[in-house]
Amino acid sequence: MKGLGLFEPDKFYHLVNHAVGSENLFRCTDNYYYFLNRYAYHTQQVLKTYAYCLMPNHFHLLVRVCSWDELEKAPKFEGVVHKFVMQKISNWLNGYARAYNIKYERKGALFIDYTKRFEVDNEEYFTAVVNYIHQNPVNHEFVATPDQWLHSSYHAFLSPKETKLMRNEVLEWFGGANEFQKFHQMNKGNLDNLIEGF
């Protein structure tokens with residue numbers, strides 16, 4: 001099934017997951033911050049983050065799985081990369097869902113059964129995915145421009161504040177902060193053909 005390939009060391013992936021039914025994943029600003037905090041806590045030993053966008057009912061991430069050498073240093077790594085990465089993602093999403101259910105006095109699943117993962121295997125796709133992720137709130141008509149949406153990585157690329165994002169690598173890829181901004185301004189349009197179903 002497309003979107004369910006195996007995780008491998010040093011490869012890039014576009015990750016997507018969605019709330020079940022008509023639920024929202026985030027009801028207030030604190031939810032967004034808590035979600036990112038838990039993401040960093042559970043995945044920092046297995047994933048490097050290049051871009052993200054949190055929408056009310058779904059999220060997008062562009063990540064790279066850590067190198068084999070880095071993974072070998074991670075506690076409880078037993079040599080099976082895909083299983084290890086999936087366990088970290090599962091711990092993150094399940095932990096968030098438990099906290100969300102307690103906070104809002106709800107029961108049952110919050111996320112759909114699996115997190116889609118699309119390997120980003122060429123330079124053109126990498127560039128397009130970074131843009132697609134940041135344009136997501138524009139495409140869904142929440143805002144007019146990426147900088148108006150507070151819950152994506154777009155602002156972190158233009159800020160001097162410390163970040164866990166691979167900011168330098170992404171800005172270097174686009175040719176600097178000014179070129180990063182220009183690219184996003186010039187490439188709005190409908191980008192839904194980049195990923196099916198979201």
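Modeller: Before we begin, two strands are taken to pair if DSSP finds at least two bridges between them, and the model we are discussing is a predicted one.

Colleague: In strand 3, which residue is the bridge partner of Leu15?

Modeller: Strand 1, residues 12-18, is joined to strand 3, residues 58-65, by 7 bridges, and the two run antiparallel. Within this pairing, His14 stands opposite Leu62. For Leu15, the bridge partner in strand 3 is Leu61.

Colleague: In strand 4, which residue is the bridge partner of Val16?

Modeller: Strand 1 is also joined to strand 4, residues 116-120, in an antiparallel arrangement with 5 bridges. One of the facing pairs there places Tyr13 opposite Glu119. In strand 4, the bridge partner of Val16 is Lys116.

Colleague: The 4 strands form an open sheet, so to speak of its borders, which are the edge strands?

Modeller: The 4 strands make an open sheet with antiparallel pairing, in the order 2-3-1-4. A strand at the edge pairs on one side only, and this is the case for strand 2 and strand 4.

Colleague: What does the twist average from one strand to the next, and at about what angle does the direction of helix 4 lie to that of strand 3?

Modeller: From one strand to the next, the twist averages 20°. Helix 1, residues 29-43, packs on the sheet and touches strand 2 and strand 3, its direction making about 165° with that of strand 2. Helix 4 packs on the sheet as well, touching strand 1, strand 2, strand 3 and strand 4, and the angle between its direction and that of strand 3 is about 155°.

Colleague: How many of the residues of strand 1 are buried?

Modeller: Buried means a relative accessible area under 20%. Val16, which is found in strand 1, is buried because its relative accessible area is 0%. His18 also lies in strand 1, and at 18% relative accessibility this histidine counts as buried too. Of the 7 residues in strand 1, which is mostly covered, the number buried is 6.

Colleague: With which residue does the side chain of His18 make a polar contact?

Modeller: His18 lies in strand 1, and its C-alpha is 14 Å from that of Ile133, although the two residues are 115 residues apart in sequence. The polar contact, at 3.5 Å, joins the side chain of His18 to that of Asn57.

Colleague: Which element gives the largest share of the largest nonpolar core?

Modeller: This core has 58 residues, and those touching the most other members are Phe35, Leu47, Phe59, Leu62 and Phe111. Among the elements that give two or more residues to it are strand 1, helix 1, strand 4 and helix 5. Leaving out residues up to four places away in sequence, Phe59 touches residues that include Leu15, Val16, Phe35, Trp92 and Phe111. The largest share of the core, 9 residues, comes from helix 3.

Colleague: Why are the buried residues of helix 5 said to be on the same side, and what arc do they cover?

Modeller: In helix 5, the buried residues are Arg167, Val170, Leu171 and Phe174. They lie on the same side of helix 5 because the arc they cover around the axis is only 95°.

Colleague: Which exposed residues does helix 5 carry on the face turned away from its buried side?

Modeller: The buried residues of helix 5 are covered by elements that include strand 2, helix 4 and helix 6. On the face of helix 5 turned away from that buried side, the exposed residues are Asn168 and Glu172.

Colleague: Is Ser152 buried or exposed, and what is its relative accessible area?

Modeller: Ser152 is placed in the loop between helix 4, residues 123-139, and helix 5, residues 167-174. Apart from its neighbours within four places in sequence, Ser152 is in contact with Tyr52, Cys53 and His134, and its side chain reaches the backbone nitrogen of Tyr154 at 3.2 Å. The cut-off for a buried residue is under 20% relative accessible area. Ser152 is therefore buried, its relative accessible area being 4%.

Terms used:
Residues numbered from 1 in each chain as written. Predicted model: local features only at pLDDT ≥ 70, side-chain atom pairs only at ≥ 80, totals over all residues. Heavy atoms only, no water. Buried < 20%, exposed > 50% of the residue type's maximum accessible area, 1.4 Å probe, protein only. Polar contact = N/O pair within 3.5 Å; in protein donor to acceptor, adjacent residues only side chain to side chain. Contact = heavy atoms within 4.5 Å. Arc of directions from axis to C-beta. Axes fitted to C-alpha atoms, helices over the stretch in contact; angles between N-to-C directions. Core = buried A, V, L, I, M, F, W, Y, C linked by side-chain atoms within 4.5 Å.
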